[in-house]
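Please open the model in your viewer and keep the sequence beside it, so that each selection can be found in both places. The tour goes from one selection to the next and says what to look for at each stop.

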Amino acid sequence: MNIPADLKYTKDHEWIKIDGDIATVGITDFAQKELGDIVYVEVETLDQTLDRDEVFGTVEAVKTVSDLFLPVSGEIIAFNELLEADPEKVNNDPYGDGWMIQMRISNPSEVADLLDSDSYKELIGL
């Protein structure tokens, strides 16, 4: 299972890659495997400012729909439009072409509360 060391993780199985005050967010390799074949990703929070742990969208798999939770507070500034026509990119490349949103972080201190790769591996039993 792929758990990149350069990312941060949530207990809800989102990952976040931080570059200054901009972050890219998606779901982990573990999460996409648990969900199965992803058929739809919905993000209706573009241009909205949300608090950490608020729902920013949903991911729909063949058997279930799951909420997506924001890892840190901030403004949703971009949605990966490739997922509209090709949602299976989340299954095929969750840390690359399968990213879901980009955001502007409003409270950088919240990053300290996220899991590193070793803590995330422990959470999922690796």
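## Starting at one edge of the sheet

Begin by selecting S1 and strand S2 (residues 14-19), which run antiparallel and are joined by 2 bridges. The model you are looking at is a predicted one, and every stop on this tour should be read with that in mind. Within this first pair, show the side chains of Tyr 9 and of Trp 15 in S2, which stand opposite each other. Then follow the chain through the hairpin of S1 and S2, where 4 residues lie between the strands and where His 13 takes a positive phi near 75°.

Keep S2 selected and add strand S3 (residues 22-27), which pairs with S2 in the antiparallel sense over 6 bridges. If you pick Lys 17, you can look across to S3 and find its bridge partner, Thr 24. The hairpin of S2 and S3 has 2 residues between the strands, and in it Gly 20 takes a positive phi near 70°.

## The whole sheet and its other edge

Now widen the selection to the open sheet of 6 strands, whose order is S1-S2-S3-S9-S8-S5 and whose pairing is antiparallel. Its edge strands are strand S1 (8-9) and strand S5 (49-50), each of which pairs on one side only. As general background, strands of a sheet pair through backbone hydrogen bonds, either parallel or antiparallel.

At the S5 edge, select S5 together with strand S8 (residues 74-79), since these run antiparallel and are joined by 2 bridges. Which residue in S8 is the bridge partner of Thr 49? Trace across from Thr 49 and you arrive at Glu 75.

## A buried serine beside S8

Next, select Ser 73, which sits in the loop between strand S7 (65-69) and S8. Is Ser 73 buried or exposed? With a relative accessible area of 7%, Ser 73 is buried, because buried means under 20% relative accessible area. Its side chain reaches the backbone nitrogen of Arg 52 at 2.9 Å. If you show the surroundings and leave aside neighbours within four places in sequence, the residues in contact with Ser 73 include Leu 50, Asp 51, Arg 52, Met 103 and Glu 110.

## Following the salt bridges

From Ser 73, move on to the side chain of Arg 52, which meets that of Asp 113 in a salt bridge (2.6 Å, N to O). This pair links distant parts of the chain, with Arg 52 in the loop between S5 and strand S6 (55-61) and Asp 113 in the loop between strand S9 (101-105) and helix H4 (117-124), 61 residues apart. Arg 52 counts as partly exposed at 30% relative accessibility, whereas Asp 113 counts as exposed at 52%.

A search of the whole structure finds 5 salt bridges, and another of them can be seen by selecting Asp 29 and Lys 33, whose side chains meet at 3.2 Å, N to O. Because Asp 29 and Lys 33 are 4 residues apart in helix H1 (residues 29-35), they are separated by about one helical turn. Asp 29 counts as buried at 8% relative accessibility, while Lys 33 is partly exposed, with a relative accessible area of 48%.

For one more pair, show Lys 89 and Asp 86, whose side chains form a salt bridge (3.3 Å, N to O). Salt bridges that share partners also join Asp 21, Glu 75 and Arg 104 into one network, so these three side chains are worth displaying together.

## Two last selections

Select Val 111, which is found in the loop between S9 and H4 and is buried, with a relative accessible area of 17%. Where in the sequence does its companion Ile 16 lie? Val 111 and Ile 16 are 95 residues apart in sequence and 9.3 Å apart in space, C-alpha to C-alpha. Leaving aside neighbours within four places in sequence, Val 111 is in contact with Ile 18 and Val 72.

Finally, turn to the surface and select Val 39, Tyr 40 and Val 62, which make a nonpolar surface patch of about 280 Å². Of these residues, Val 39 is found in strand S4 (residues 38-42), and Val 39 is partly exposed, with a relative accessible area of 42%.

Definitions and conventions
Residues numbered from 1 in each chain as written. Predicted model: local features only at pLDDT ≥ 70, side-chain atom pairs only at ≥ 80, totals over all residues. Heavy atoms only, no water. Pairing = 2+ DSSP bridges. Patch = residues over 30% accessible without salt bridge, like charges linked within 9 Å, V, L, I, M, F, W, Y side chains within 5 Å. Areas by Shrake-Rupley, 256 points an atom, 1.4 Å probe, with all protein chains shown as cover. Salt bridge = Lys/Arg side-chain N within 4 Å of Asp/Glu carboxyl O. Buried < 20%, exposed > 50% of the residue type's maximum accessible area, 1.4 Å probe, protein only. Polar contact = N/O pair within 3.5 Å; in protein donor to acceptor, adjacent residues only side chain to side chain. Contact = heavy atoms within 4.5 Å.
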